[in-house]
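Colleague: I'd like a close look at one part of this model, the helices and the loop that comes after them. Could you walk me through it in plain words?

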Amino acid sequence: DVFLLGVGIGLDADVIRGAGRELKRRLGGLAYFVSASQTLPVAHHDFEIAVDGRRSRERAASVHVATSGTRAGPLILPPIADGPDRMPSLVVVKAESLEEVLTLLATPLIPDQSLNRAVRFERGREIQVRAATVLPVQIDGEDQGDHPGLHCKLEPASLPVIVPRGRA
């Protein structure tokens, strides 16, 4: 599937699934807070991750791949994918310990994200994520069911854009 903004597996997809159309119609953006509160305590899962062939193992609540500034539940994370090369960003979110939960809540306020122990960022042209079990997946904020992982790669010029004549 092609995505424009982001794809995620784990907590973010679980929150999106829980904030169904009826709840969003009634509560608007608060539906995501209600859904997130129903995921407590936050479950963590084992992931195998490869970014441009560099492999790692992570225990995380959610793994997200974004092409622009990223949301992790109600938090807006730094827009590290907004560079001139537009490479996607891997965002690994942890909230297992009290320190990680507090750091995650403070993420938008942390100027140097390399010091953030709750969120890990990495950029790459090809990102593969394999979960130890099937988990909820979302693409651009829409529930996609349960899947064992993600495989994302940058495909330049894959989105046609229509611009009015004389505006290009």
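Modeller: Here is a walk through that part, with a little of its surroundings.

First, the ground rules: this is a predicted model, where local features need pLDDT of at least 70, side-chain atom pairs count only at pLDDT 80 or more, and totals for chains, interfaces and linings use all residues. Residues are numbered from 1 along each chain as its sequence is written, and side-chain values use heavy atoms, with hydrogens and water left out.

The chain has four helices and ten strands; helices (H or I, at least four residues) and strands (E, at least two) are DSSP runs, numbered from the N terminus. Along the sequence the order is β-α-α-α-β-β-β-β-β-β-α-β-β-β. Of the 168 residues, 40% are buried, where buried means under 20% relative accessible area, exposed over 50%, and partly exposed in between (1.4 Å probe, protein chains only). Take the contacts (heavy atoms within 4.5 Å) between residues at least 6 apart in sequence: 64% of them join residues at least 24 apart.

Now to the helices. Helix α1 (residues 11-18) packs with helix α3 (residues 30-37) at about 115°, and their axes are 8 Å apart. Those axes are lines fitted to C-alpha atoms, for helices over the stretch in contact, and angles run from 0 to 180 degrees between N-to-C directions. On the α1 side, Asp14, Val15, Ile16 and Gly18 make the contact, and α3 brings Tyr32, Ser35 and Ala36. That set divides into four nonpolar residues, two polar and one charged. For the classes, Ala, Val, Leu, Ile, Met, Phe, Trp, Tyr, Cys and Pro count as nonpolar, Asp, Glu, Lys and Arg as charged, and the others, Gly among them, as polar.

Stay with α3 for a moment: Ala31, Ser35 and Ala36 are buried there. Looking down the axis of α3, its buried residues fall within an arc of 135°, so they line one face of the helix. The arc is that of the directions from the helix axis to the C-beta atoms. What do these buried residues of α3 pack against? Their partners are α1 and α2 (21-27).

Next comes the loop between α3 and β2, where you'll find proline 41. Leucine 40 and proline 41 are joined by a cis peptide bond, with omega about -10°. Histidine 44 sits in the loop between α3 and β2 (45-51), and at 10% relative accessibility it counts as buried. The histidine 44 side chain reaches the backbone oxygen of valine 42 at 3.4 Å; a polar contact here is a pair of N or O atoms within 3.5 Å, and within protein, one must be able to donate a hydrogen and the other to accept it, while residues adjacent in sequence count only if both atoms are side-chain atoms. Setting aside neighbours within four places in sequence, histidine 44 is in contact with Arg59, Ala60, Ala61, Lys94, Ala95 and Glu96.

Further along, aspartate 52 lies in the loop between β2 and β3 (54-60). Its phi is near 50°, a positive value in a residue other than glycine, and aspartate 52 is partly exposed, with a relative accessible area of 37%.

Finally, helix α4 (residues 98-106) has Glu100, Thr103 and Leu104 buried. Down the axis of α4, these fall within an arc of 105°, so they line one face of the helix. The face turned away from that buried side of α4 carries the exposed residues Leu98 and Leu105.
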